[in-house]
Amino acid sequence: MKLTLKIVGVLLLSAFLMGSCSKDTDPADVDVFAGTFRGKIGYTDAEKNISQDNGSVFVTKIGTRYDFRFSDGIPDLTGVQFERKDDNTMVSVGSDGTGLITINKDRLVIGFARSGRSWSADCGR
């Protein structure tokens, strides 16, 4: 009897573990947008004009907002809100700036201005 209960327990545990490892998870739900993107980046304001062909942007998500941390002395772009364009692409909305930021699992494109400063990026993973 104990052996039967052990076998049934192991089978139930195995079924539960395999069921929780579903391959139907949408990549947009696991935040594939966060991480490092590399490529051409730029920044301009009244005092600086920075352009780098081999720069990087580190993307992080805090709540519903995204932060973009640039390399090469470019100031960070923080607190940008997004809406989902399709299952795997996000587009910036409702920020206190103008322009467009498009991000998906493979590509980051930024053309964004806020308070007399502008950021640009054309990066991939």
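1. Salt bridges first, so a working definition: a salt bridge here is a side-chain nitrogen of Lys or Arg within 4 Å of a carboxyl oxygen of Asp or Glu. Keep in mind that this is a predicted model. With that cut-off, Arg69 and Asp76 qualify, because their closest N and O atoms are 2.8 Å apart. Arg69 is partly exposed at 34% relative accessibility, and Asp76 is partly exposed too, at 31%. Asp67 joins in as well: Asp67, Arg69 and Asp76 are linked in a network of salt bridges.

2. How many salt bridges does the structure hold? The count is 4. Among them is Lys105 with Asp106, where N and O sit 3.5 Å apart. Lys105 has 42% relative accessibility and counts as partly exposed, while Asp106 comes out as partly exposed at 44%.

3. Another one to click on is Arg107 with Asp122, a salt bridge with an N to O distance of 2.4 Å. Arg107 belongs to strand S7 (residues 107–114) and Asp122 to strand S8 (residues 117–124), so this pair ties together parts that are 15 residues apart in sequence. For exposure, Arg107 is at 39% and counts as partly exposed; Asp122, at 40%, is partly exposed. As general background, side chains of opposite charge can pair when their charged atoms come close.

4. Strand S7 deserves a slow look. Which of its side chains are buried? Leu108, Ile110, Phe112 and Arg114 point to one face and are buried. Arg107, Val109, Gly111 and Ala113 point to the other face and are not buried. That fits the textbook picture: in a regular strand the side chains alternate between the two faces of the sheet.

5. Now the arginine on the buried face. Arg114 sits in S7 and has a relative accessibility of 10%; it counts as buried because the cut-off is under 20%. Where does the side chain of Arg114 reach? It gets to the backbone oxygen of Thr78, at 3.0 Å. If you are colouring the view by burial, compare the other arginines above: Arg69 is partly exposed, and so is Arg107.

6. S7 has a partner on either side of it in sequence. Strand S6 (residues 98–104) and S7 run antiparallel and are joined by 6 bridges, with a hairpin of 2 residues connecting them. S7 and S8 also run antiparallel, joined by 8 bridges. They too form a hairpin, with 2 residues between the strands. In that turn, Ser115 has a positive phi of about 50°.

7. Gly111 is a handy landmark for checking the register. In S7, Gly111 stands opposite Leu100, and it also stands opposite Ser120 in S8. Recall that Gly111 is on the face of S7 whose side chains are not buried.

8. On to the aromatics, where the count comes to 1 aromatic pair. The ring centres of Tyr43 and Trp119 are 5.5 Å apart and the planes meet at 55°, so the pair is tilted. It links distant parts of the chain, with Tyr43 in strand S1 (residues 35–44) and Trp119 in S8, 76 residues apart. Are these two buried or exposed? Tyr43 is buried at 2% relative accessibility, and Trp119 is buried with a relative accessible area of 2%.

9. One more tyrosine. Tyr66 is placed in strand S3 (residues 65–70) and counts as buried, at 3% relative accessibility. From Tyr66 to Gly79 is 13 residues in sequence, and their C-alpha atoms are 5.6 Å apart in space.

10. Last, a serine in a loop. Ser71 lies between S3 and strand S4 (77–86). What does its side chain touch by way of polar atoms? A polar atom of the Ser71 side chain lies 2.9 Å from the backbone nitrogen of Ser56, and the Ser71 side chain also makes a polar contact with the side chain of Asp72, at 2.6 Å. Beyond its neighbours within four places in sequence, Ser71 is in contact with Ile41, Gly55 and Ser56. So Ser56 turns up both as a polar partner and in the contact list, because contact means heavy atoms within 4.5 Å and the Ser56 nitrogen is at 2.9 Å.

Terms used: Residues are numbered from 1 along each chain as its sequence is written. This is a predicted model: local features need pLDDT of at least 70, side-chain atom pairs count only at pLDDT 80 or more; totals for chains, interfaces and linings use all residues. Side-chain values use heavy atoms; hydrogens and water are left out. Buried means under 20% relative accessible area, exposed over 50%, partly exposed in between (1.4 Å probe, protein chains only). Helices (H or I, at least four residues) and strands (E, at least two) are DSSP runs, numbered from the N terminus. A polar contact is a pair of N or O atoms within 3.5 Å; within protein, one must be able to donate a hydrogen and the other to accept it, and residues adjacent in sequence count only if both atoms are side-chain atoms. Rings of Phe, Tyr and Trp (its six-membered ring) pair if their centres lie within 6.5 Å; planes under 30 degrees apart count as stacked, over 60 as edge-to-face and the rest as tilted. Two strands pair if DSSP finds at least two bridges between them.
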